[in-house]
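Biologist: I should like to request a close look at one part of this model. Please explain it in a connected way, suitable for someone in the first year of study.

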Amino acid sequence: MNNQELSRKLADCIAACENCATQCLNEENIQMHVKCIKTDRDCADICALTLKLVNRNSHQLNEILKVCIVTCIACEQECRKHDRGHCQKCADACHTCHQACEEYLSVAA
């Protein structure tokens, strides 16, 4: 896993999380989706920070990758609870992203 591949997976996850949060806000019963929206937004923000650190080859990258993995897993788990297509796409993107982060960490170690 190189920086460019990881950057692409992070960007895909950011886009999926932002889309999911936006689509959840348009749901008829928003209250059912509050936790999903909050988790999506947190995940998008953590992935965005991780993407910045990847692009600058930060010395803090390994630590933030660990946070990104935990956050992506939490977002995937939350989104899997909802049967909406946007939630499932987000869960898939989060799964792919946390796997990419784990692979990158294993090579960097």
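Where is the place of Asn57, and what surrounds the helix that comes just before this residue?

Modeller: Asn57 is located in the loop between H2 and H3. Helices here are DSSP runs of H or I with at least four residues, while strands are runs of E with at least two, numbered from the N terminus. The model is a predicted one, in which local features need pLDDT of at least 70 and side-chain atom pairs count only at pLDDT 80 or more, whereas totals for chains, interfaces and linings use all residues. Residues are numbered from 1 along each chain as its sequence is written, and side-chain values use heavy atoms, with hydrogens and water left out.

Asn57 follows just after H2 and, although it is not a glycine, has a positive phi of about 50°. The helix before it, H2, comprises 22 residues, 34-55. From first C-alpha to last, H2 reaches 32 Å, close to the expected 32 Å; that expectation is 1.5 Å times one less than the number of residues.

Many side chains of H2 deserve attention. Its buried residues include Cys36, Ile37, Asp40, Cys43, Cys47, Leu51 and Val54. Buried means under 20% relative accessible area, exposed means over 50%, and partly exposed lies in between, for a 1.4 Å probe and protein chains only. The cover over the buried residues of H2 includes helix H1 (3-25), helix H3 (61-80) and helix H4 (85-108), where contact means heavy atoms within 4.5 Å.

Two cysteines of H2 may be examined further. Cys36 is buried, with a relative accessible area of 0%, and Cys47 is likewise buried at 0%. A disulfide is a pair of cysteine sulfur atoms within 2.5 Å, and a search of the whole structure finds 0 of them. Cys36 is accordingly in no disulfide, its nearest cysteine sulfur, that of Cys79, being 3.7 Å away. For Cys47, the closest cysteine sulfur belongs to Cys68, and the distance of 3.7 Å is too far for a bond.

Next comes the other end of H2. His33 lies in the loop between H1 and H2 and is buried, with a relative accessible area of 4%. Apart from neighbours within four places in sequence, His33 contacts Cys24, Glu27, His82 and Arg84.

Two of these partners are also joined to each other. Glu27 and Arg84 form a salt bridge, with their closest N and O atoms 2.8 Å apart. This pair links distant parts of the chain, 57 residues apart: Glu27 is in the loop between H1 and H2, and Arg84 is in the loop between H3 and H4. A salt bridge is a side-chain nitrogen of Lys or Arg within 4 Å of a carboxyl oxygen of Asp or Glu. Glu27 is buried, with a relative accessible area of 14%, while Arg84 is partly exposed at 35%. The whole structure contains 7 salt bridges.

Another of the salt bridges concerns the helices that cover H2. Asp92 and Arg80 meet through their side chains at 2.8 Å, N to O. Because Asp92 lies in helix H4 and Arg80 in helix H3, the pair ties together parts that are 12 residues apart in sequence. Asp92 counts as partly exposed, at 40% relative accessibility, and Arg80 is partly exposed at 36%.
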